[in-house]
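Open the model in your viewer and keep the selection panel at hand. The stops below say what to select next and what is there.

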Amino acid sequence: MKKVLFSLALLLGSLAALAQIVEPVKWSHRVSVEGENLTVAFTATIDEGYHLYSTDIPEGGPQKTEFVWETVEGAEKVGEVRLTAGKEVRHHDDNFDMVLGYYERTATFEQTFRLTGEAYKVVGYVAFMSCNDETCIPPARYEFSIGNGEAAAASAQTDAAQAAPATPADENAKGDIWTPVISELQAFGSSEGDLSGEAHPWWYILIAGFLAGLIALVTPCVWPMIPMTVSFFLKRTKDRAKSIRDAYTYGLAIIIIYVGLGLVVTALFGASALNSLATNAVFNILFFLLLVVFAFSFFGAFELVLPASWTTKLDAKADATTGLLSIFFMAFTLCLVSFSCTGPIIGTLLVEAATSGSMLYPAIGMFGFALALSLPFTLFALFPSMLKSMPKSGGWLNMVKVVLGFCELALAFKFLSVADLAYGWRILDREVFLSIWIVIFLFLGLYLLGCIRLPHDDDPQPSDRVSVTRLMLALVSISFAIYMVPGLWGAPCKAISAFAPPMSTQDFKLGEQAITTYHDYAEGMEAARKSGKPVLVDFSGYGCVNCRKMEAAVWTQPEVKQIIDNEYILIELMVDDKTPLAQVEEVQENGKSVKLRTVGDKWSYLQRTKFGANAQPFYVLLDADGMPLNSSYSYNEDVDAYVDFLQTGVKNFKAK
């Protein structure tokens with residue numbers, strides 16, 4: 001029994017050592033020969049939630065899927081590699097400011113050769129990179145060697161002759177600083193942070209939909225309908241129980257209609273297609289124009305309504321039918337009549353739900369929206385006396401409509417920004433975007449204070465008194481506008497980082513001081529030895545979105561920056577750095593020969609073999625001999641936790 005427990009503990013320990021190694025893409029290949037044609041098919045099996053970048057990635061982007069043929073003997077290539085199974089999805093990536101393509105779940109590529117002799121040999125590798133919504137796996141390679149006869153034997157002899165030691169052939173890289181410390185890291189406990197990369201949970205989408213429904217509820221298209229509809233149900237029959245059941249049915253019909261809309265949208269496009277649609281440049285231009293049209297309609301420039309014949313026909317259907325079908329047609333009529341107010345809200349909610357990673361999220365979002373929209377009809381039917389205390393329709397509803405118009409106008413520029421980045425127009429750089437938002441929210445504040453009047457406002461003359469509610473909303477809007485002003489000169493403005501263009505489009509940056517950083521592991525460790533300081537190693541990547549989030553949200557904090565500047569030697573290692581090494585290095589890893597061709601290959605190999613991890617961001621604290629001073633740290637924007645992580649490392653270093 002003790003032996004069993006010991007074996008189990010040993011097994012669990014081994015699994016823990018490899019827990020942070022993630023291999024979301026598995027490759028295989030098969031060879032077929034027909035006459036003089038040799039076809040090699042490569043199949044990539046991609047884990048759920050991850051994607052493999054396509055073979056067509058612009059310069060400056062992440063590692064594309066690339067087929068490299070190092071040796072071709074006894075055959076010659078016919079054409080280029082072609083995709084034969086799987087579908088390429090294209091979207092705009094904010095981090096790279098470009099449109100990128102990728103594959104999900106599976107992809108098969110084929111390359112055809114024409115045989116020129118009886119013996120042939122094809123040796124090469126597939127370079128690739130995979131990511132999910134939170135983390136990116138560093139560029140990796142799938143090595144292959146295909147041959148027959150004497151060519152195959154020669155290939156095997158060549159492979160054996162090229163076997164090299166397990167450490168890179170760098171004179172400064174040898175020694176203790178490359179020694180694996182996986183067990184030492186585990187002795188400090190589990191890693192801080194999160195490498196799961198999970199999308200928004202379902203309850204997040206449900207709450208977002210519910211809040212959107214509450215906003216739609218107080219628009220002038222919906223609010224006046226509440227007392228009219230409830231009164232109709234109460235007067236429709238003298239049976240109190242039946243009137244309540246009708247109100248319940250009416251609310252349930254609203255939920256069914258909107259949830260059905262969410263299911264239809266998902267069924268027509270699918271979750272992946274919706275995600276691509278949400279980040280497609282043409283779609284974003286159309287959505288920008290649509291929101292601008294709605295905004296001007298809310299401002300009173302014109303009335304935007306669906307054809308009257310639609311609601312007339314539905315009213316006729318409701319009158320001609322009885323029972324549940326009649327109530328359903330009444331609910332459908334409400335959805336059409338309120339479209340001018342609810343349309344933009346529903347569209348925005350569907351985009352958010354569709355890009356959150358689940359086929360069911362659009363339906364969940366629509367359920368939350370419809371639930372909020374239907375609640376008043378049921379509540380007022382249960383408690384009809386509450387109708388007397390319900391605020392009457394009036395000028396305040398038009399104010400809600402105008403405020404919604406300002407918000408839609410601001411949101412419209414978010415979608416235009418995506419198209420601007422995709423096409424590289426550079427007409428909506430970060431400071432231009434912020435200037436527009438500053439003006440929009442400043443004017444919103446002035447409107448709420450009564451300084452601006454619009455066509456649908458009841459009183460054509462400015463009022464000399466402002467309600468407390470309008471005053472507070474005006475203060476919030478103007479304060480928000482002032483908050484964005486420093487962003488014109490490079491301030492992060494983290495509250496709007498999800499909406500504004502990336503900092504890379506900013507032209508004006510004042511007072512920005514970078515942390516002193518080494519980009520070579522050996523050089524950084526040598527600097528630590530000479531200075532007598534501990535080391536903070538940052539395994540990052542140019543394509544790592546969460547790395548940029550950590551740098552913007554955590555590293556910019558004074559308490560964090562001060563500790564890194566004064567107490568540590570910072571080494572930043574980019575695992576997707578495509579700079580070629582001076583000489584290709586071949587090492588042994590897990591019993592296999594692995595070739596290191598780029599700087600990124602070298603740092604990725606270091607992270608895997610020394611620390612047992614391959615996801616970014618990944619932070620580890622070391623002494624000058626390469627021994628850990630604390631557990632590792634990954635993606636977690638908790639500033640206090642990161643400060644504690646750094647301070648613990650300093651404390652342990654001084655104790656040694």
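## Stop 1: helices 17 and 19

Helix 17 and helix 19 are roughly parallel to each other, because their axes cross at roughly 20° and angles under 35 degrees count as roughly parallel. This is a predicted model. To see the pair, select residues 558-567 for helix 17 and residues 639-655 for helix 19; the two axes come within 10 Å. The crossing of helix 17 past helix 19 is left-handed.

Now show side chains. On helix 17, pick Glu559, Val560, Ile563, Ile564 and Glu567; they meet Val639, Tyr642, Val643, Leu646, Gln647 and Val650 in helix 19. Coloured by class, this contact of helix 17 with helix 19 shows eight nonpolar residues, one polar and two charged.

## Stop 2: the mixed sheet

Keep helix 19 on screen and add the sheet. Four strands make up this open sheet, in the order 11-13-12-16, and their pairing is mixed. Select 517-518 for strand 11 and 618-622 for strand 16: these two stand at the edges with a single partner strand each, so one side of each has no neighbour in the sheet.

Next, select strand 12, residues 535-540. Strand 12 pairs with strand 16 in the antiparallel sense, over five bridges. Leucine 536 can be found opposite leucine 621 of strand 16.

Helix 19 packs on this sheet, where it touches strand 12 and strand 16, and its direction makes about 25° with that of strand 16. Then select residues 599-611, which are helix 18. Helix 18 lies across strand 12, strand 13 (569-574) and strand 16, and runs at about 65° to strand 16.

## Stop 3: an aromatic pair between helices 13 and 14

The structure holds 33 aromatic pairs. For one of them, select phenylalanine 441 and phenylalanine 480: the ring centres are 4.9 Å apart and the planes stand at 90°, so the pair is edge-to-face. Phenylalanine 441 belongs to helix 13 (residues 430-448) and phenylalanine 480 to helix 14 (residues 468-484), so the pair ties together parts that lie 39 residues apart in sequence.

Extend the selection to both helices. The axes of helix 13 and helix 14 cross at roughly 160° and come within 8 Å, which makes helix 13 roughly antiparallel to helix 14. The crossing of helix 13 past helix 14 is left-handed.

Both phenylalanines are part of the helix contact. From helix 13, the residues to show are Leu434, Trp437, Ile438, Phe441, Leu442, Leu444, Gly445, Tyr447 and Leu448. From helix 14, they are Arg470, Leu473, Ala474, Ser477, Ile478, Phe480, Ala481 and Met484. By class, the contact of helix 13 with helix 14 counts 14 nonpolar, two polar and one charged.

## Stop 4: helices 4 and 11

Select residues 202-217 for helix 4 and residues 361-382 for helix 11. These helices pack at an angle of about 40°, with their axes 7 Å apart. Their crossing is right-handed.

Which residues of helix 4 and helix 11 make the contact? Those of helix 4 include Trp202, Ile205, Leu206, Gly209, Phe210 and Gly213, and those of helix 11 include Tyr361, Ile364, Gly365, Phe367, Gly368 and Phe369. The contact of helix 4 with helix 11 has 17 nonpolar and four polar residues, and no charged ones.

## Stop 5: the antiparallel sheet

Move to the other open sheet of the tour. Its four strands follow the order 1-2-8-5, with antiparallel pairing. Strand 1 (25-34) and strand 5 (75-85) are at the edges with a single partner strand each, so one side of each is left without a neighbour in the sheet. On average, neighbouring strands here are turned by 20° against each other, direction ignored.

Finish with strand 2 (residues 37-46) and strand 8 (residues 106-115), which pair in the antiparallel sense over nine bridges. Select valine 40 and glutamine 111: the glutamine, in strand 8, is the bridge partner of the valine.

Notes: Residues numbered from 1 in each chain as written. Predicted model: local features only at pLDDT ≥ 70, side-chain atom pairs only at ≥ 80, totals over all residues. Heavy atoms only, no water. Axes fitted to C-alpha atoms, helices over the stretch in contact; angles between N-to-C directions. Left-handed = near helix turned anticlockwise from the far one by under 90°. Contact = heavy atoms within 4.5 Å. Nonpolar A, V, L, I, M, F, W, Y, C, P; charged D, E, K, R; others polar. Parallel < 35°, antiparallel > 145°, perpendicular 65-115°, else oblique. Pairing = 2+ DSSP bridges. Phe/Tyr/Trp six-rings, centres within 6.5 Å; stacked < 30°, edge-to-face > 60°.
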